[in-house]
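Me: I have a structure open here and would like to go through the ligand site with you.

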Amino acid sequence: MRRLARLPLPHMLHDPWLDRWLTVIAPHARDAAVLELGCGSGHDTATLTAAGFDVIALEIDPASVSRARMRAPKAQVLCRDLLHPLPSPISGGKFGAIIASLSLHYFPWEETVRLVARVRNALRPSAVLVCRLNSTEDRHFGAVGHREIEPNYYLLNGSPKRFFDEAAIDRLFSEGWRIQSKAHVITHKYVLPKALWEVVLERDA
Ligand SMILES: C[S@@+](CC[C@H](N)C(=O)[O-])C[C@H]1O[C@@H](n2cnc3c(N)ncnc32)[C@H](O)[C@@H]1O
């Protein structure tokens with residue numbers, strides 16, 4: 001039988017986006033845990049634990065939870081719905097940083113607003129939220145051609161998915177947050193270009 005050579009992943013599929021933010025997260029994670037929302041298979045979780053952070057990661061899909069636990073054994077990966085109360089760090093207190101990569105787009109607007117308020121409440125004053133949000137320009141991944149449930153919130157193969165424009169981001173984080181960085185970027189991780197917003201915010205005091 002002919003064996004296929006095991007090739008490294010093409011550069012296109014590697015998306016080390018979180019590396020850029022480790023130096024922003026580090027001062028907040030020195031004496032406080034980091035919470036990750038919707039960790040999927042744990043790629044970012046592994047980046048966070050490799051940086052030496054104490055990480056709790058939440059994920060609703062049990063198969064993804066298993067993969068994340070394998071990929072990031074030093075993290076505490078919990079099978080948990082983001083719409084349920086967020087956990088506290090084991091050591092007590094609040095989180096120094098929260099990471100949410102492409103995991104805040106599943107919910108109706110009012111639910112999203114409530115989730116962001118819970119995220120804020122889970123953070124220490126001046127702690128950071130690093131998030132990535134689907135862009136309304138994300139044409140290859142559903143931003144056009146689907147049934148709209150709410151403005152920029154569509155039903156894709158039976159599952160709701162939100163896309164954000166800059167005004168929606170400003171509205172979502174208008175109370176209790178200071179926007180430190182907001183960039184519209186394209187990732188090639190998913191082969192077809194995916195447009196998204198990368199946003200870093202600080203909880204105000
Ligand atoms: C698009 S994936 C992003 C995964 C990972 N953060 C990344 O950037 O590669 C979104 C993840 O959020 C999870 N998710 C969706 N709804 C959720 C919910 N209500 N509670 C917890 N996780 C949820 C999905 O199962 C999925 O793994």
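Me: Which residues come nearest to the ligand?
Reply: This is a predicted model, in which local features need pLDDT of at least 70 and side-chain atom pairs count only at pLDDT 80 or more, while totals for chains, interfaces and linings use all residues. Residues are numbered from 1 along each chain as its sequence is written, and side-chain values use heavy atoms, with hydrogens and water left out. There are 14 residues around the ligand (a heavy atom within 4 Å of it), and Gly38, Glu59, Asp81, Leu82 and Ser101 come nearest.

Me: And how far is the ligand from the side chain of Ser101?
Reply: An N or O atom in the Ser101 side chain lies 2.6 Å from an oxygen atom of the ligand.

Me: What about backbone atoms, say of Gly38 and Ile60?
Reply: A polar backbone atom of Gly38 is 2.8 Å from a nitrogen atom of the ligand, and for a polar backbone atom of Ile60 the distance to a ligand nitrogen is 3.3 Å.

Me: How are the residues of the shell divided?
Reply: The shell around the ligand has six nonpolar, three polar and five charged residues, where Ala, Val, Leu, Ile, Met, Phe, Trp, Tyr, Cys and Pro count as nonpolar, Asp, Glu, Lys and Arg as charged, and the others, Gly among them, as polar.

Note on methods:
A polar contact is a pair of N or O atoms within 3.5 Å; within protein, one must be able to donate a hydrogen and the other to accept it, and residues adjacent in sequence count only if both atoms are side-chain atoms.
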